[in-house]
Amino acid sequence: MKNNANIEDLKIAYRYKSNRDLKFTYYIFKILQHPNLLNILTSLTNGIIKYNLPFKFLVKNTVFKLFCAGVNIDEAFSKINYLKTFKVKSVLDYVSEGEKSDEAFDNNTKTIVANIIRIGKECPGNYVSIKISGLESPEYLTNCSGMEFNKDLITSPKFDKLMRRMDLICNTACTSQVVVFIDAEDRCMQDVFDRITETMMEKYNKEHAIVFNTLQMYLKDRLTYLNFLLHDSERKNYVPGIKLVRGAYVEKERENALKEGKLSPVYDTKKETDDAFNEAVEICLREHKKIDVCIATHNTESTLHAINCINKYNITDHYTKVRFSQLYGMSDNLTFNLSSNGYNSSKYLPYGEIKKAIPYLIRRSEENSSIDGQIIDEVVRLKKELDRRKIC
Ligand SMILES: Cc1cc2nc3c(=O)[nH]c(=O)nc-3n(C[C@H](O)[C@H](O)[C@H](O)COP(=O)(O)OP(=O)(O)OC[C@H]3O[C@@H](n4cnc5c(N)ncnc54)[C@H](O)[C@@H]3O)c2cc1C
């Protein structure tokens with residue numbers, strides 16, 4: 001695929017959707033486009049969390065159906081196998097946000113480990129993603145970020161437990177040869193995430209990357225961190241795995257900074273974020289011999305920029321070195337056209353109990369309703385395909 005490639009072939013983009021599914025997707029996106037309806041949906045989902053209100057059926061059959069792969073692992077595996085028939089890989093994402101107890105963190109670890117083993121056995125070549133906040137409380141992780149990794153943390157029993165959970169996950173991933181993406185979350189926890197992930201990468205990323213860190217390129221410090229990672233990994237002799245995203249928590253980061261009287265860690269404009277993202281893509285692909293990268297975006301321009309860099313730096317083994325990924329339910333034009341043109345492309349596939357998936361669903365709904373988001377293009381593409389198939 002060259003830079004002028006057609007990543008808008010809608011027949012390819014939606015060939016995995018039946019007419020009924022296509023129509024359903026179109027109507028849900030139309031609802032998300034409408035701010036009042038979105039507010040109602042957000043209130044209903046919040047109602048499920050706070051007051052246990054009986055709206056699960058409604059959520060399950062609308063946004064959950066669109067953005068999640070199912071309520072249990074078997075439903076998720078059936079989606080993985082279905083996507084495989086279109087040469088699209090999956091990133092299995094067990095959604096369990098907002099847990100607080102040690103027991104829940106141990107259970108999450110067990111579930112993730114079992115998922116890695118099952119992927120390795122039944123669907124090799126697919127991936128898993130994790131959130132460190134599912135293995136320890138965000139409050140503790142936030143406190144950790146202010147401490148010195150070697151001096152204060154390594155000797156603390158609570159931190160030791162977290163490291164053992166992480167090590168069990170990464171060790172199983174290495175034995176099963178299943179790549180693990182460690183998601184980025186709030187900036188206040190990122191310093192400790194970076195140190196933990198670097199430790200795991202040094203241990204397990206010997207010939208290629210098994211463990212990937214996530215860099216949110218809306219953060220002003222991430223280009224500097226990327227360059228640090230490049231030098232540090234060379235010195236310590238491991239292959240860094242880098243997943244590039246723009247970042248999902250712009251408003252929250254700004255509000256937190258304002259509350260604490262600090263400067264926002266996020267760039268002030270979308271253009272600055274776009275420039276930083278594209279520069280990071282260029283750096284990672286220029287240095288492809290030293291690093292493995294995942295370009296996780298719905299942005300067409302950044303995707304074409306990555307393809308351009310693959311050609312420019314003559315990355316003939318791009319299928320093993322460069323991965324593309326989109327969230328389930330979004331930007332099928334990119335995922336399916338990339339895979340049909342020989343690129344390594346995947347869908348992030350969240351699954352789990354509806355209640356625990358709600359923060360994820362709210363993020364997706366809000367992202368898709370923002371004016372500068374991709375929803376308008378998404379609706380236009382869906383309508384065009386409905387017209388092409390002569391259904392309305
Ligand atoms: C496979 C995959 C995995 C992901 N994993 C994570 C993860 O681990 N952690 C995480 O935080 N997010 C994650 N995301 C979400 C991601 O960070 C973005 O929120 C989302 O993909 C939208 O950005 P975009 O690159 O697709 O495209 P676009 O729609 O072009 O960009 C939207 C993004 O631009 C940035 N932006 C918008 N307005 C402004 C502004 N005024 N100033 C500064 N920046 C602005 C924001 O980051 C916003 O999300 C993931 C996304 C994908 C596709």
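Here are some short exercises, with worked solutions, on the predicted model shown above.

**Exercise 1. The ligand's surroundings**

Find out which residues come nearest to the ligand, and which elements give two or more residues to the shell around it.

*Solution.* Start with the residues themselves. Of the 28 residues around the ligand, the nearest are Asp183, Arg246, Ala296, Thr297 and His298. Next, turn to the elements: strand E4 (211–216), helix H14 (270–286) and strand E7 (322–327) each give two or more residues to this shell. The largest share belongs to E7, with 3 residues. Finally, sort the shell by character: 11 residues are nonpolar, 12 are polar and 5 are charged.

**Exercise 2. Strand E1 and its surroundings**

Decide whether the residues of strand E1 (residues 89–94) are buried or exposed.

*Solution.* Take the two faces of the strand in turn. Lys89, Val91 and Asp93 point one way, while Ser90, Leu92 and Tyr94 point the other way. The residues on both faces are buried. That makes 6 of 6 buried residues, so E1 is largely enclosed by the rest of the structure.

**Exercise 3. The partners of E1**

Work out which strands pair with E1, and in what sense.

*Solution.* One partner is strand E8 (residues 344–351), which runs parallel to E1 and is joined to it by 6 bridges. You can locate this pairing through aspartate 93, which stands opposite proline 350 in E8. Another partner is strand E2 (residues 127–130), also paired in the parallel sense, over 3 bridges. Here valine 91 stands opposite tyrosine 127 in E2. Now follow the chain from E1 to E2: it passes through helix H7 (residues 102–122), and this β-α-β crossover is right-handed.

**Exercise 4. From E7 to E8**

Trace how the chain gets from E7 to E8, and say how these two strands are joined.

*Solution.* First look at E8 itself: 7 of its 8 residues are buried, so to speak mostly covered. Its leucine 349 is the bridge partner of leucine 92. On to E7, which runs parallel to E8 and is joined to it by 5 bridges. In this pairing, glutamine 326 stands opposite lysine 347 in E8. The path between E7 and E8 goes through helix H17 (residues 332–340), and the β-α-β crossover is right-handed.

**Exercise 5. The nonpolar core**

Name the residues with the most contacts inside the largest nonpolar core, and look at what surrounds valine 128.

*Solution.* The core has 102 residues, and those with the most contacts inside it are Val128, Val180, Val211 and Leu244. Helix H11 (residues 187–204) supplies the largest share of this core, 7 residues. Now zoom in on valine 128. Leaving out residues up to four places away in sequence, valine 128 touches Val91, Leu92, Ile112, Asn115, Ile116, Ile119, Ala173, Val178 and Val180.

**Exercise 6. Two positive phi values**

Compare asparagine 237 with serine 331: where does each sit, and is each buried or exposed?

*Solution.* Begin with the background: most residues other than glycine have a negative phi. Asparagine 237 has a positive phi near 65°, and serine 331 has a positive phi of about 50°. Then place them. Asparagine 237 lies in the loop between helix H12 (222–236) and strand E5 (241–245), while serine 331 lies in the loop between E7 and H17. Last, count neighbours. Asparagine 237 has 9 C-beta neighbours inside 10 Å, so it counts as exposed. Serine 331 has 21 other C-beta atoms within 10 Å, so it is buried.

Conventions
Residues are numbered from 1 along each chain as its sequence is written. This is a predicted model: local features need pLDDT of at least 70, side-chain atom pairs count only at pLDDT 80 or more; totals for chains, interfaces and linings use all residues. A residue is near a molecule or strand if its C-beta atom, placed from the backbone, lies within 6 Å of it. Helices (H or I, at least four residues) and strands (E, at least two) are DSSP runs, numbered from the N terminus. Ala, Val, Leu, Ile, Met, Phe, Trp, Tyr, Cys and Pro count as nonpolar, Asp, Glu, Lys and Arg as charged, and the others, Gly among them, as polar. A residue is buried if 20 or more other C-beta atoms lie within 10 Å of its own, exposed if 12 or fewer, and partly exposed in between; C-beta atoms are placed from the backbone. Two strands pair if DSSP finds at least two bridges between them. A crossover is right-handed if, with the strands pointing away from the viewer, the path from the first strand over the helix to the second runs clockwise. A nonpolar core is a set of buried Ala, Val, Leu, Ile, Met, Phe, Trp, Tyr and Cys residues joined through C-beta atoms within 7 Å. Two residues are in contact if their C-beta atoms, placed from the backbone, lie within 7 Å.
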